[in-house]
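Subject: Structure handover

Hello,

Here is the structure you asked to look at. Please open it first, then read the notes below it.

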Amino acid sequence: MNRWAGKLAVVTGASSGIGAATAKALVNAGMVVVGLARRVERVEALKKDLPSSVQESLHAAKCDVSKEEDIVEMFGWVEQTFGGVDVLINNAGIMPDGSLLEADSETIREVLETNVVGLVLCSREAFQSMKKRSVDGHIVHINSVAGHQVPNFPRLNVYPASKHAVTAITETMRQELRTEGTKIKVTSISPGGVKTGLLPEAALTKMPLLDPEDIAQAILYAIGTPPNVQVHDLTIKPIGEIF
């Protein structure tokens, strides 16, 4: 992680779960972090969990990644304030509870705008920032095991479809980054069940789960690899997971 010391990471969905754990882990590893969230006060509250010597390295910014205007404005602010982004962690995502065959169009659009379109637009802005400054940056997508198969788990709605899109997007980006002649890396990290607000309360006691910090450590591993190594997809499951 030495190459990232003092460099800037943007973490979407940083108010809780994997995003919060990742923001704290990156700060502790020496990076400056901008944590994006709709509930920006929750990102500010994360500072109390950090050593006083690094608390000022965490910055909170209000951003709804389902809205392009929010994304463009936020990345513009990052460029003006910090010079640009070096690492992007696309973590923001939603998983509504409900049947796909009975889903309303508003729910379907909200999932796709957040999990797919928002991820692509954040990646676009980060790439332009990296390319402009000739930075060999890193883009990480928090995917899911549901992005590689459809788990036999009730009421996932359009969530698996959105994560299958992330799997395809990761490979598309890898090919485009190569064609562009850059050394910018892209990585998909696919967790199984994690103790986050995405899962229904009943699931938290009935199935083995990972901690958000487990995924944060996987992110540190992926972005900490040597320049010639690209972790394309990393699948992480808790021991005993049934899917």
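The buried residues of H7 (buried means under 20% relative accessible area with a 1.4 Å probe, protein chains only) are Pro212, Ile215, Ala216, Ala218, Ile219, Leu220, Ala222 and Ile223. Helices such as H7 (H or I, at least four residues) and strands (E, at least two) are DSSP runs, numbered from the N terminus. The cover over these buried residues includes helix H1 (17–28), strand E4 (87–90), strand E5 (138–142), strand E6 (185–191) and E7, where cover rests on contact, that is, heavy atoms within 4.5 Å.

This is a predicted model, in which local features need pLDDT of at least 70 and side-chain atom pairs pLDDT 80 or more, while totals for chains, interfaces and linings use all residues. Residues are numbered from 1 along each chain as its sequence is written, and side-chain values use heavy atoms, without hydrogens and water.

Threonine 225 lies in the loop between helix H7 (212–223) and strand E7 (233–236). Threonine 225 is buried, at a relative accessible area of 6%. Its side chain reaches the backbone oxygen of alanine 222 at 2.9 Å. Apart from neighbours within four places in sequence, threonine 225 contacts Lys185 and Val231.

The largest nonpolar core (buried Ala, Val, Leu, Ile, Met, Phe, Trp, Tyr and Cys residues joined through side-chain atoms within 4.5 Å) has 35 residues, of which Leu26, Val33 and Ile189 touch the most other members. Among the elements giving two or more residues to this core are H1 and H7.

Regards

Technical notes:
Buried < 20%, exposed > 50% of the residue type's maximum accessible area, 1.4 Å probe, protein only. Polar contact = N/O pair within 3.5 Å; in protein donor to acceptor, adjacent residues only side chain to side chain.
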